[in-house]
Amino acid sequence: MKDKIETSLRRAAEQLPQPDFQAMADTPVQPLEVHDYVTRQEFLPPRRRFPLAAAALVLCALVLCAGLWTYFQFFQVYSVVDLRVNPAFAIELDRRDQVKSVNPLSEDAEPILEGRSYQGWDLETTVEALLDDLWAGGYLDDGAQVDVAVNSKSTDHGRDLREEVEEIISEKLTELSGGGVLPPSDGDDTPVSTAPTPTTPTSTTPVSDAPGTATAAPSAPAETPSAPQTSSDGVLSWAEVQDIVTARLPGASFEEIQLDEDDGRMIYEVKFRDTAGAEYEADLDAYTGEILKWEKD
């Protein structure tokens, strides 16, 4: 029975029409209007990676620009101001004219800069501090002149900077020469104050050698007023600190004087105002009276 069925099927297949290959190839294919789960084709769009890569590239560019801007603003030397008397100094500034460093240009400038860092100071305070040290060392007496040279990445800025420094020097030298401070004698590194020293009036009694006239005992010699008292450990008194400040800024009114320690060094932190009401801050060595910082707010 099985053989008969296979024979019938084979005979029926042989009797079917046999289209040729070309006819099958030329027959148009009708697209299916309805798809089932087998014939359905889902095409997923390719992932767009280009916008993400572009965003990363833009972010890197911004970070690079921010780094370059920070470097040019805070780390790169933009201008150099040379001050030459006999000691010579080179003041390196960033783009905002904040001091990066002060370097000696001569051997006699090295002791003046020893142990002091001017990094972060403003230009005016730095120039004034250097002039104070030069005056105290006797380098500015006998009409010595301060020569200024400025080298800047911007020609216009360098010209303005030179004019500013020359004005600061002129005002400071006028203040030093007429403000109650004289350069010390040889071998003395402490500024000498020319403020008037109070004296104690002496009373004298006429002495007569005539007979029968009582002779008054000579009066005791007048006491010489002593210097302002200092503490037992050698720290300057408040009065001495005020004398040092008023010698540089006559008429100063004091708001706060505080003794503090900074890196093992005892200093006085002083806040005061000038006659116009402008606020100042200064740091003084508590033992020597050396002005370490002088800032005007």
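How many of the 14 residues of α5 are buried? The answer is 13, so this helix is mostly covered, where buried means under 20% relative accessible area. The model is predicted, and α5 is a convenient place to enter it.

Helix α5 comprises residues 123-136. At 1.5 Å a residue, a helix of 14 residues should span 20 Å, and the end C-alpha atoms of α5 are indeed 20 Å apart. At the N-terminal end of α5, Asp122 acts as the cap: one of its side-chain oxygens lies 3.2 Å from the backbone nitrogen of Glu124. Beyond the helix comes Gly138, whose phi is positive, near 80°.

The loop between α4 (110-113) and α5 holds Arg116. Is Arg116 buried or exposed? Its relative accessible area is 16%, which is under the 20% limit, and therefore Arg116 counts as buried. The side chain of Arg116 makes a polar contact of 2.8 Å with the side chain of Asp133. Leaving aside residues up to four places away in sequence, Arg116 touches Ala129, Asp133, Glu290, Ile291 and Leu292.

One of these contacts, Ile291, leads to strand β10 (291-296), which is an edge strand of a sheet. That open sheet has 4 strands in the order β7-β8-β9-β10, with antiparallel pairing. The other edge strand is β7 (253-262); each edge strand pairs on one side only. Neighbouring strands of the sheet are turned by 15° against each other on average, direction ignored. Helix α7 (residues 238-248) packs on this sheet and touches β7, β8, β9 (279-285) and β10. The direction of α7 makes about 115° with that of β7. Within the sheet, β7 and β8 (residues 265-273) run antiparallel and are joined by 9 bridges. In this pairing Glu261 stands opposite Met266 of β8.

A further set of strands lies earlier in the chain. Strand β1 (residues 79-84) runs antiparallel to β2 and is joined to it by 6 bridges. The two form a hairpin with 3 residues between them, and Val81 stands opposite Ile91 in β2. Strand β2 also pairs with β3 (residues 99-104), again in the antiparallel sense, over 5 bridges. Here Glu92 has Ser101 of β3 as its bridge partner. β2 and β3 form a hairpin with 5 residues between them, and Asp97 in the turn has a positive phi of about 65°. How many residues of strand β2 (residues 88-93) are buried? The count is 5 of 6, so β2 is largely enclosed by the rest of the structure.

Ser154 lies in the loop between β4 (147-152) and α6 (155-178). With a relative accessibility of 23%, Ser154 is above the 20% limit for burial and below the 50% limit for exposure, so it counts as partly exposed. Although Ser154 and Ser79 are 75 residues apart along the chain, their C-alpha atoms are separated by 8.4 Å.

For the chain as a whole, there are 7 helices and 10 strands. Of the 297 residues, 27% count as buried. The accessible surface comes to about 20800 Å², and 54% of it belongs to carbon and sulfur atoms. Among contacts between residues at least 6 apart in sequence, 41% join residues at least 24 apart.

Definitions and conventions. Residues numbered from 1 in each chain as written. Predicted model: local features only at pLDDT ≥ 70, side-chain atom pairs only at ≥ 80, totals over all residues. Heavy atoms only, no water. Expected span 1.5 Å × (residues − 1). Buried < 20%, exposed > 50% of the residue type's maximum accessible area, 1.4 Å probe, protein only. Polar contact = N/O pair within 3.5 Å; in protein donor to acceptor, adjacent residues only side chain to side chain. Contact = heavy atoms within 4.5 Å. Areas by Shrake-Rupley, 256 points an atom, 1.4 Å probe, with all protein chains shown as cover. Pairing = 2+ DSSP bridges. Axes fitted to C-alpha atoms, helices over the stretch in contact; angles between N-to-C directions.
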